[in-house]
Amino acid sequence: MLLDTAIVGAGIGGCFLAEQLAREREYAGHPRGSRVALFERTHRVGGRLWTVRMGQGPNAPVADLGAMRLHRGLRRVLHAVARAGLTGDLVPFDFGRPENLVHVRGVTLRRRELTDPARIPYDLTGPERGLAPEDLVRRAADALVPGFTELRRTHHTAVEQGDAHRAARTAAAFRAHRDRVAVGGLPLWRTTYADALRAVLGTQAVALLHDTGGYDVATSGENAAEQLGLLFRTPPDAEYVTLRHGMQSLPLALCDRFTAAGGSLRLGHRLLRIDRAEPGAARTAAERGEPPPRYLLTFALEDPRGRATGGQLRVHARTVLLALPPGPLRRLAQDGLPFTPRLRADLAALDAVPAHKLFLLYETAWWHRLGLTRGRATTDLPLRQLWYGGTCPPPAAARGEGPALLLAAYPSGPATEAWHAVEPPHPSAREPDAAAVERAHRLVARMHGLPGLAAPLLARRQDWNRPPHDGAWHVWRPGHDPEAVAPRVRRPLPGEAVHLVSDCWTPDPGSIEGVVSCAEAVLGDLAGERGDLPRHRAR
């Protein structure tokens, strides 16, 4: 097979690239698709955007096993949603509600009660006393980077008003202030976020943030400067949305546009190695009057359960786009392209964060009786986060008192270790075993004070640290600067047409915005390399 462009990885990044390249080549008058192919190891499209139906029938709830929300400030993603024709499917995503539960240190509270020092089981002192968790985060940010809150608000006001100059000026001011900060004699970018919090907040305040926030911030090993940068880029009053039929509908729609433009999608293809093109491929291209291919890709063929079939496919291509996170990249043959000592070191600049999701389908939405409707509850129990009604809105058809979905457990980081003993023996199993379901149900009942709660009808799990995945998202490690690392990783071999695309190679690892940002940067590089494509315009 002789291709113009081989794209490896059909997550959101690969689908975005594939749709853009196939469409641009079609508009430029090239044959449909012009030999652009998208290869994916699994037998589905979407990567860490994965939506499943819980139960049978058109009114069965759906659940996002991976990414589940956006906010209105993510303009690149929203433009991709519009390109895919899905803007009308954006619906509100309930994050936190004052009436939702927080269960910590054996005490059950409503979220609105977290500002009552007499109710919370934490001994906050001085000016921290009476502050809600989000206020403690702002207090920490202002203590670390003086003026953080005001700079952030001014920046997002400028963005909303279309004042690009003022937005850029405030962003630059934030970075300048941040880069002057030292914690314990170390620059902020060499400090973990957990250590930075402990430097400016009391021990009990950090414990409160850890226990009530749903994420293990007290053990976080991520780069403090980059975590503050992420907070700065998130609007103070962010409006969260999701897609009506689940987040996977975005890569699926983009992939449909790609194949409609003549692109080729090939599932069950695991990339093994990349080498220089064979001489015979150059002769074949010359006979067709085409430029010679530069690379040879070797794939192993796998069945829907991830088992090798014994078959292989060898593909020649002029350009290779690897839309893969660090784990799959490391599993490629290290004596092939694009590996260098520098790239291997750069791949170690990020840590993969493990995360599980366990959904339980109940006969009724029993939480309604407790005054709970939608959004998140948090706990220091191994469940960590719960989402009433699951992660997607209920089907449009009225379901009355029919089955209702609960994201019953969403631990990440070290909190996932509590579930290792009850994981199914087969790494590809999707349904949790009875022990995991019983444990999650028992903890849910305990948290809500319902010892007689009826058992769930159905369960579904996803462990993002089991093959073929290596983590749910990534964070930058201390001592690494994405502004230095990311550009050279995106093109690890200068002069070569091998590009790496991932949310990892941006300041926003773990986000769809990061994926699209990186893909747009690579498309810009490609447009500069090749005069046969219209220059891509970042949006």
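Strand β6 and strand β11 (residues 240–243) pair up antiparallel, with three bridges between them. This is a predicted model, and that pairing belongs to an open sheet of three strands ordered β5-β11-β6. Elsewhere there's an open sheet of seven strands with mixed pairing, plus helices α4 and α5 packing on each other.

**The three-stranded sheet**

- Reading across, the order is β5-β11-β6, and the pairing is antiparallel.
- β5 (70–71) and β6 (90–92) sit at the edges with a single partner strand each, so each has one side without a neighbour in the sheet.
- If you want a landmark for the β6 and β11 pairing, look at Pro92, which stands opposite Val241 in β11.

**The seven-stranded sheet**

- Here the strand order goes β8-β7-β18-β19-β20-β17-β21, and the sheet is open with mixed pairing.
- The edges belong to β8 (107–110) and β21 (458–463), each of which pairs on one side only.
- Going from one strand to the next, the twist averages 20 degrees.
- Inside this sheet, β18 (residues 375–379) and β19 (residues 385–388) run antiparallel and are joined by four bridges.
- One pair to pick out there is Gly375 with its bridge partner Tyr388 in β19.

**Helices on that sheet**

- Helix α7 (residues 203–213) packs on the sheet and touches β7 (101–104) and β18. The direction of α7 makes about 130 degrees with that of β18.
- Helix α13 (residues 434–448) also packs on the sheet, with β7, β8, β17 (356–362), β18, β19, β20 (404–409) and β21 as the strands it touches. Set against β17, the direction of α13 comes out at about 75 degrees.

**The α4 and α5 pair**

- Helix α4 (residues 148–160) packs against helix α5 (residues 164–179) at an angle of about 155 degrees, and their axes are 8 Å apart.
- Angles over 145 degrees count as roughly antiparallel, which means α4 is roughly antiparallel to α5.
- The crossing of α4 and α5 is left-handed.
- On the α4 side, the contact is made by Phe148, Leu151, Thr154, His155, Thr157, Ala158 and Val159.
- α5 brings Arg166, Ala167, Thr170, Ala171, Ala173, Phe174 and His177 to that contact.
- Sorted by type, the residues of the contact between α4 and α5 are eight nonpolar, five polar and one charged.

Conventions:
Residues numbered from 1 in each chain as written. Predicted model: local features only at pLDDT ≥ 70, side-chain atom pairs only at ≥ 80, totals over all residues. Heavy atoms only, no water. Pairing = 2+ DSSP bridges. Helix = DSSP H or I, 4+ residues; strand = E, 2+ residues; numbered from the N terminus. Axes fitted to C-alpha atoms, helices over the stretch in contact; angles between N-to-C directions. Contact = heavy atoms within 4.5 Å. Parallel < 35°, antiparallel > 145°, perpendicular 65-115°, else oblique. Left-handed = near helix turned anticlockwise from the far one by under 90°. Nonpolar A, V, L, I, M, F, W, Y, C, P; charged D, E, K, R; others polar.
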